[in-house]
Amino acid sequence: MILPRRFCGWLTAAATLLASSVAAAADIPAAERRSGYEFMGRETRAMQDDDAANPGMLSVLDGEALWRRAEGPAGKSCASCHGEAHASMRSVAARYPAFDTARGRPVDLEGRINLCRTERQEGPALAYESRELLALTAYVAYQSRGQPIAVAEDPKTRPFLAAGREIFERRQGQLNLSCAQCHDDNWGQRLAGVPIPQAHPTGYPVYRLEWQSLGSLQRRLRNCFVGMRAEPYPNDAPEIVELELYLAWRARGLPIETPAVRP
Amino acid sequence: MTARALISVPPKTKRGEVVEIKALISHPMESGYRVGPNGTRIPRDIIREFACTYNGEEIFRAELSPAIAANPFLSFCTIATESGTLAFRWSGDNGFAATETAEITVE
Amino acid sequence: MQEAIRAIIGEAELRQGKVALDIPSLVENGNAVPLSVSVDSPMSPADHVKAIHVVNEKNPQPRVISVALGPRAGRARLATRIKLADSQKIVAVAEMSDGSFWSASADVIVTLAACVEDLQ
């Protein structure tokens, strides 16, 4: 009999709760933690570093315009409540995914933006991977550029961190591979001629050359799952946010690079 | 949403100095050679021409092919002769047309 | 590619030199390869680069980009990002005001990302 995934997750979470922290032996030590930026070639790094050449900056500019656009019956824009993003959104992306008390679970930045749109602006939610949601997410995350990733590790988030870790370490799919096998155990080595990075979500939404456009962390994770020949999670699955939370925790201390460029 | 352009001109220049102008615009630059999920070719949709004028005089022109990457980036040089306006124009398939201007300050 | 070069230079001789073509020799993703071309020229009214043409060997079409320059450029330099379908040779041709043509070439190896996306 195969236990439902959620049940497995909670079993592991319960076991991990007994442990005092989320850290484990296979984790990459802080001193060795490196962004995917360092695994790219010189020219791709130069593309990211030059704000006048970084294609992700186009989305950041779109996001800036959307920040001021009135939505919903009350005609409120993001700016109506949050004022100038460079002040109010500074460091926000660095602590996402964040625990949402009303929902009793973490939400990622895209989820948070849509909650604001539906509940505060009383407008429609933006579709995942839509140009507008990517632009707003990029604009907000850009305000944290340079800030170290620092998601909360506390009694509220620990069960979800543990669930995310379980997904990361679980062998899955037709290849029976886990994320950890490549990204914890074999980072720096090559797969199909390409260096394996540590898989830190430092620059999302990211301009991926493979996509020729900006894309979210969820889209990138979907690529990973498909690449591993495993079933990807749907956009609204709680597991995907748990995995995002764990990845952010695993990347703690690394600076936000949004909008990053990656091959 | 209309195409988003990002122009970079050095903030202050000296007369006679050679400066680098960078122009970036959002556009899929669909080559016409990609095949979609249903097996049919995605039709070509590219920017074909780009031109830059400096106080009305053309200083740079480019003919782009499907081999130019999405969200095309172009960088070129010009002599900072006098203060004024740089005007940028992109045009291409499906009636695509976009313009942008940037000020250049020459001391 | 040779035909495309012939169409650009006509009967003239294609000389090696003056042109510097900067492109990574190993490319992580062929979708956006940074490329820059610079040409050694005084860019004076009497002696300048009129145009720079870039051609490729293995894409479906040989032409990559053609740009028109003049003395107002100050420096004959172009940078852009191109798509390369496969590992191949790239050639940059500079057309000078005196009717001469100069060129440089580079060989590029194109790798692809390991985990490919499911096009939905």
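# A walk through chains A, B and C

Start by selecting chain A: of its contacts between residues at least 6 apart in sequence, 73% link residues at least 24 apart. Keep in mind along the way that this is a predicted model.

**Stop 1: chain A as a whole**

With chain A still selected, look at its outline. Its C-alpha atoms fill a box of roughly 50 × 45 × 30 Å along the principal axes. A compact globule of 263 residues would have a radius of gyration near 18 Å, and chain A, at 18 Å, agrees with that. Switch to a cartoon view and you should find 11 helices and 7 strands in chain A. As for what is tucked away, 41% of the 263 residues of chain A count as buried.

**Stop 2: helix α2 of chain A**

Now pick residues 42-49 of chain A, which make up helix α2. Which residues of this helix are buried? They are Thr44(A), Met47(A) and Gln48(A). Turn the view until you look down the axis of α2(A): the buried residues fall within an arc of 95 degrees, so they line one face of the helix. Flip to the face turned away from that buried side, and you meet the exposed residues Arg42(A) and Asp49(A).

What covers the buried residues of α2(A)? The cover includes β7 (261-262) of chain A, together with β4 (33-39) of chain C.

**Stop 3: a sheet in chain A**

Strand β7(A) turns up again here. Select β6, β5 and β7 of chain A: these 3 strands form an open sheet in the order β6-β5-β7, with mixed pairing. β6 (213-215) and β7 of chain A stand at the edges with a single partner strand each, so one side of each has no neighbour in the sheet.

Zoom in on β5 (residues 206-208) and β6 of chain A, which run antiparallel and are joined by 3 bridges. To see one residue pair, pick Arg208(A), whose bridge partner in β6(A) is Ser213(A).

**Stop 4: Gln218(A)**

Next, click on Gln218(A), which sits in helix α10 (residues 217-227) of chain A. Is Gln218(A) buried or exposed? It has 25 C-beta neighbours inside 10 Å, so it counts as buried. Setting aside neighbours within four places in sequence, Gln218(A) is in contact with Tyr128(A), Asn235(A) and Ile240(A). Try the distance tool on one of these: the C-alpha atoms of Gln218(A) and Tyr128(A) are separated by 9.0 Å, although the two residues are 90 places apart along the chain.

**Stop 5: the largest nonpolar core**

Bring all the chains back into view. The largest nonpolar core has 114 residues, and those with the most contacts inside it are Ile52(C), Val54(C) and Ala94(C). The element that gives the most to this core is helix α7 (residues 131-142) of chain A, with 9 residues.

For a close-up, centre on Val54(C). Leaving out residues up to four places away in sequence, Val54(C) touches Leu35(C), Val37(C), Val64(C), Ile65(C), Ile90(C) and Ala92(C).

**Stop 6: chain B by itself**

Hide everything except chain B. Here there are 0 helices and 7 strands, so to speak a plain run of β-β-β-β-β-β-β along the sequence. The C-alpha atoms of chain B fill a box of roughly 60 × 20 × 20 Å along the principal axes. Buried residues make up 35% of its 107 residues. Of the contacts in chain B between residues at least 6 apart in sequence, 58% join residues at least 24 apart.

**Stop 7: where B meets C**

Add chain C back. How many residues does each chain bring to this contact? Chain C gives 26 residues and chain B gives 22 residues. On the side of chain C that touches chain B, the elements giving two or more residues are β6 (63-68) and β7 (76-82) of chain C. By class, that side of chain C has 12 nonpolar, 8 polar and 6 charged residues.

Look for strand β4 (residues 57-64) of chain B: 4 bridges join it to β6(C), and the two run antiparallel. Along this pairing, Arg61(B) stands opposite Ala68(C).

**Stop 8: where A meets B**

Finally, show chain A beside chain B. This contact takes 10 residues from chain A and 10 residues from chain B. Helix α3 (residues 56-67) of chain A gives the most to chain A's side, with 4 residues. Sorted by class, the side of chain A that touches chain B has 6 nonpolar, 2 polar and 2 charged residues.

Methods:
Residues numbered from 1 in each chain as written. Chains lettered and ligands numbered in written order. Predicted model: local features only at pLDDT ≥ 70, side-chain atom pairs only at ≥ 80, totals over all residues. Core = buried A, V, L, I, M, F, W, Y, C linked by C-beta atoms within 7 Å. Buried ≥ 20, exposed ≤ 12 C-beta atoms within 10 Å, placed from the backbone. Contact = placed C-beta atoms within 7 Å. Nonpolar A, V, L, I, M, F, W, Y, C, P; charged D, E, K, R; others polar. Pairing = 2+ DSSP bridges. Arc of directions from axis to C-beta. Rg over C-alpha atoms; globule rule 2.2 N^0.38 Å.
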